[in-house]
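Hi,

Here is the structure I promised to pass on. Have a look first, and my notes on the ligand site follow below.

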Amino acid sequence: MKNMKLVDIVNLDNYIVGDSPDEDEEGTFELPDTIPLLPLRGTVAFPGTVMPLAIGRQSSIKLVEDCPPQAVLGLVAQKSADIESPTGQDIYRIGTAASVLKVIKMPQGTINLIAHGVCRFKILEIVGKEPYLRARVEALPIRSRMTKKMRALVLNARHAAERVFALSPNLPEEASVLLENVQDPSSLADFIAATLNLSVSEKQQILEQTNVTKRLENINRKLADQLEVLELSNKIHGQVRESIDKSQREYFLQEELKAIQAELGQTDRHTEELDQLEERILATKMSKKAQAEALRELDRMSRLPVASPEYGVIRSYLDWMCELPWSISTEDKLDIQRAERVLNKDHYGLEKVKKRIIEFLAVRKLNPKGKSPILCFVGPPGVGKTSLGKSIARAMGRNFIRISLGGIRDEADIRGHRRTYIGALPGRILQELRKTGSRNPVFMLDELDKIGQDFHGDPASALLEVLDPQQNDTFTDHYLDQPFDLSDIMFIGTANYTEPIPEPLLDRMETIELPGYTQGEKLKIATKYLVPRQIKENGLKKNQINIKPEAIDAMIDKYTREAGVRNLERTIAAVCRSVATRIAKGTSRKATIGASNLAKILGPREYEPELAMRTSTPGVATGLAYTPEGGEILFVESAQTPGKGELNLTGQIGEVMKESAQAAWSIIKADADKLGLDEKLFSDFDYHVHVPAGAVPKDGPSAGCAIYTSLLSLLQGRPIKPDVAMTGEITLKGLVLPVGGLKEKIIGAKRAGIKTVILPSRNRKDIKDLPKEATQGIDFVFVNKVTSLVKMVFKN
Ligand SMILES: Nc1ncnc2c1ncn2[C@@H]1O[C@H](COP(=O)(O)OP(=O)(O)OP(=O)(O)O)[C@@H](O)[C@H]1O
């Protein structure tokens, strides 16, 4: 009865004291003809229930006061609870007659009345209105027959009510006990109706239902309705509780974890680490998106136990994010005079290349935002490609990075692995950027011609993205998974050849050729750069060693055979080391290295002239080849064996060279008569053309002349002059066509001791462009046809 408001008459609670008078009793209850009517607000009274009612209206108080003990009242529901002084129109015509059990006067002047409903009645006529309503009434007979249907209805109502009561949070527990005690179907229906949470009109409808079967049917419907609502609300309640429980559980586990970590002495370090990381993330000027991602990962990390592997993965990811130079750039020094000075100081010669680099820097100075071309230095090893890159970086005041792409086969080397891989790391580009600490270095991609490709994707296509100015401002490494701007990096490629570089990659770059050096150029480079550098690097002083030019010449000529100067520098280093050893042992005498004492330090000369020996018999011609190491002479040997006139080719020669050999063979067979060759030579023998150094693949059309000469020399039994070398493509009609790589080839020929070089006539102009030093001491013979060639090559 808590929260009871003193408003006229309200239902305080319903209690059953047992079954109401059964059908007969209810039916036979002696109801007076006229009874006073007590209007109820917001509730309906049922027979069989005991109801405490709080009475506050003056007319009602008067009614109760007038009642003798055990008096019978008519409890009728008001149609609307708002009406203060209801008349006969404002109340329902059917109500419950109740006998007064107890009257309790309250101190505020109100009354609490306990009444027991006994039977239904019908108002026949209102006979008095003041001071309270009085009516002539008659008891309503109840129609109830215990049929099977009735039993089923009772059973169902009882079960349903039990569940409803169990699910209803506000019902007193006694309700269920009382339910068990009610046996009579009509009383059961009334009890349930009184207890259920129904509207006044719904309850009134049940009260008016004198047919018990129908009343039970109605009750069952209401119960089913309520049950559905209660179950649904219970389910919703359960779900809400479940989600609260889950978050509570997580919270408790977190707290527990903290406690465990505290026990283990980890909390402080853990929170300290997280705080430091957060500070670093906020201090790093990365893109907003990247920062948001980093903070998200940090949040995830904060919820992981320190020992979990995931924790370590996120930790190193965040380290990477914080250590990349997102916004750290070095300031460009675009002072052209200074750049020129730096380039000249670091490198001898290479005028064309230096000029191009200076132009490049000048354009950059005038238009810093413009997309400058990507340079690609192409030339044999040791000609200074890498060191030029370093000089450019020095001249511009940028950091220098070099990665070698030789053997890179996996796209992930460039672009990194996704973080889901165990041990994933970013690709080489970002790794190097982190090391160098600035986002605008000079970035040298070495050995572009050696990029491989396999089933792990195509590294060249990843490089394309790196080099493409349209896309490289949002280069996305798989590991970082955030765009990183590479557009301020100055990329420079290097390669020995352009042919193996994938076409789209080559397309993006401007190639600058660095041909090999002549003997004289090498001598100058050695004297000006390599010797002083090696003296210094080996801890010597200038007054302790003197390497004479003749010694350097001998080193170039006899100990190194290369287009560049790398081996030369190594040989000079070997000389310096031996002097350093002597000095370290205590000798104070200045060491003078001449050509004569070189052998003592370096051992016997590595390259012996083999020309005379090799070409002394018929069938050996000297050709000229262009290799990654620079120009070389190349011997073409032919041999004859009994057979049927077939031509065999060996020495790892490629398709193009094979075709040249077939052409040479056909020309000789066609001209057999003119050349004075016996037919039997072609029917009784097989021929074998071999190009030695069989481990090195060789290809290209320029060996045509040499193959022709070699075969002819064999067939005619005439040896070729040892100091003659030749290069040129031949056609089936015997024409000699021009070839490339002349500078290297001629330097190579000179190095090998060749005195006469036979060239296609159409290469005459190229010879004019070569440095004098390269061509000095060599006779050039230009030929148009193989017939002219023949006249020049044989001894006698
Ligand atoms: N013109 C030159 N003047 C001075 N030094 C030179 C010159 N050319 C090359 N060098 C020196 O030769 C050495 C080898 O050069 P570098 O390493 O740049 O060769 P590279 O062309 O990059 O070779 P690779 O193709 O094998 O990478 C370096 O010490 C370089 O300083």
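**Notes on the ligand site**

Thr386 lies in helix 13; helices here are DSSP runs (H or I, at least four residues) and strands are too (E, at least two), numbered from the N terminus. Before going on: this is a predicted model, where local features need pLDDT of at least 70 and side-chain atom pairs count only at pLDDT 80 or more, while totals for chains, interfaces and linings use all residues. Residues are numbered from 1 along each chain as its sequence is written.

Thr386 counts as partly exposed because it has 18 C-beta neighbours inside 10 Å (20 or more other C-beta atoms within 10 Å is buried, 12 or fewer exposed, in between partly exposed; C-beta atoms are placed from the backbone). Leaving out residues up to four places away in sequence, Thr386 touches Arg402, Met444, Asp446 and Thr494 (contact means C-beta atoms, placed from the backbone, within 7 Å).

Gly382 sits in the loop between strand 9 (374-378) and helix 13 (385-396). Gly382 is buried, as 22 other C-beta atoms lie within 10 Å. With the same sequence cut, its contacts are Glu562, Gly564, Val565, Arg566 and Asn567.

As for the ligand, 19 residues surround it, and Pro381, Gly384, Lys385, Thr386 and Ser387 come nearest (near means a C-beta atom, placed from the backbone, within 6 Å of the molecule or strand). Helix 13 gives the largest share of that shell, three residues. Helix 13, helix 18 (519-537) and helix 20 (566-584) each supply at least two.

Cheers

Conventions
Two residues are in contact if their C-beta atoms, placed from the backbone, lie within 7 Å.
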